Amino acid sequence: MLTEPPKDEEILGPLPRSFSRAAVIAAHPDDAEYSFGATVSRLASEGVGVTYIVCTDGSQGGEDPEVPDAQLTETRYTEQRAAAKHLGVDEVVFLGFRDGSLTNDIALRTALTREIRRHRPELVLAHQPLRSLVFPIGASHPDHLAAGEAALSAVYPDARNPRAYPELLAEGLAPHVVDEVWVPGHEHTDLFVDVGTHAQRKVEAILCHRSQFAASADPRADLAWVTDRMRTNGTAAGCAHAEAFKRIVTGSHAAPGPQVAPRP
């Protein structure tokens, strides 16, 4: 539950459609907050059940080589649970793949398909599977690219295909069709989500990952770019703060493709 819900009188721009369940597929602890935190907070506050699926153990996310991997993983899992709770997330699932070594292979696709069938989201938020040559290089971490491609492969065709991974049927996990996937827009943005005061909750959730600011004199100052980016997105969307996405409609083979303006 949110500890300090946004003001009741706040009116945000509409979403493309309503959802009852959403899943966030992230490569590392803290990726969900950086990429989707304000949107997650908004969805949860509007009654959408949200599940986090974190692919790696986070064991590469530290500057001190003397800290054992298991200790760092435990710290990062604890921080991730705290950040998720702050945003109103229902459940956090850790798949435990090795940080820094994630690949879009059958093991990862099977694990993601299992969770999609178990939680049955209509909406999946995931990393963009394409390397951006415009945004800072951190957006295209190899684990992000692998997680993004595996997420899309799990959404289509794996989760909906009854012949994919028959062991999942034996576990009682029936096929499931995800209606939409939203990935960070980067240079492909076609959806802005008005997040209003959820922008502040995003920053607060990121700050729950204290281990990632161990060497920082002023973590909030370090995160000024996060608010600036949401403000810039808001300017483009005609609101105060927004998060930017590429919207992929996956629920139908007949989903519209790119729209081309008619010739004069």
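1. Over which residues does pLDDT stay under 50? That would be residues 260-264. The model has zero contacts beyond four places in sequence for this stretch, so I'd leave residues 260-264 out of the discussion below. Keep in mind that this is a predicted model.

2. On confidence in general: the mean pLDDT of the protein is 92, and 92% of its residues reach 70 or more.

3. Now the helix packing, beginning with α1 (residues 31-45) against α2. Their axes are 8 Å apart, and the packing angle is about 40°. The two helices are therefore oblique to each other. From α1, the residues making the contact are E33, G37, V40, S41 and A44; α2 supplies Q80, A83, A84 and L87. Sorted by class, this contact has five nonpolar residues, three polar and one charged.

4. Next, α2 (residues 69-87) against α6 (residues 198-207). Here the axes come within 8 Å and cross at roughly 165°, which makes α2 roughly antiparallel to α6. As for handedness, α2 passes α6 in a right-handed crossing. On the α2 side you'll find A83, H86 and L87, and they meet R201, K202, E204 and A205 of α6. The class count for this contact is three nonpolar, one polar and three charged residues. If you're looking at α2 on screen, note that A83 and L87 are listed in the contact with α1 and also in the contact with α6.

5. S35 deserves a look of its own. This serine is found in helix α1 and is partly exposed, with a relative accessible area of 21%; the cut-off for buried is under 20%. Leaving aside neighbours within four places in sequence, S35 is in contact with H127, P184, K202, E243 and F245. One of these, K202, turned up above among the α6 residues that meet α2. For a distance to check, try S35 and K85: 50 residues apart along the chain, with their C-alpha atoms separated by 17 Å.

6. Last one: is E115 buried or exposed? E115 is buried, at a relative accessible area of 8%. Its place is in helix α3 (residues 106-119). Setting aside neighbours within four places in sequence, E115 has I53, V93, L95 and R120 as its contacts. By class, I53, V93 and L95 count as nonpolar, while R120 counts as charged, like E115 itself.

Terms used. Residues numbered from 1 in each chain as written. Predicted model: local features only at pLDDT ≥ 70, side-chain atom pairs only at ≥ 80, totals over all residues. Heavy atoms only, no water. Axes fitted to C-alpha atoms, helices over the stretch in contact; angles between N-to-C directions. Helix = DSSP H or I, 4+ residues; strand = E, 2+ residues; numbered from the N terminus. Parallel < 35°, antiparallel > 145°, perpendicular 65-115°, else oblique. Left-handed = near helix turned anticlockwise from the far one by under 90°. Contact = heavy atoms within 4.5 Å. Buried < 20%, exposed > 50% of the residue type's maximum accessible area, 1.4 Å probe, protein only. pLDDT = per-residue confidence, 0-100.
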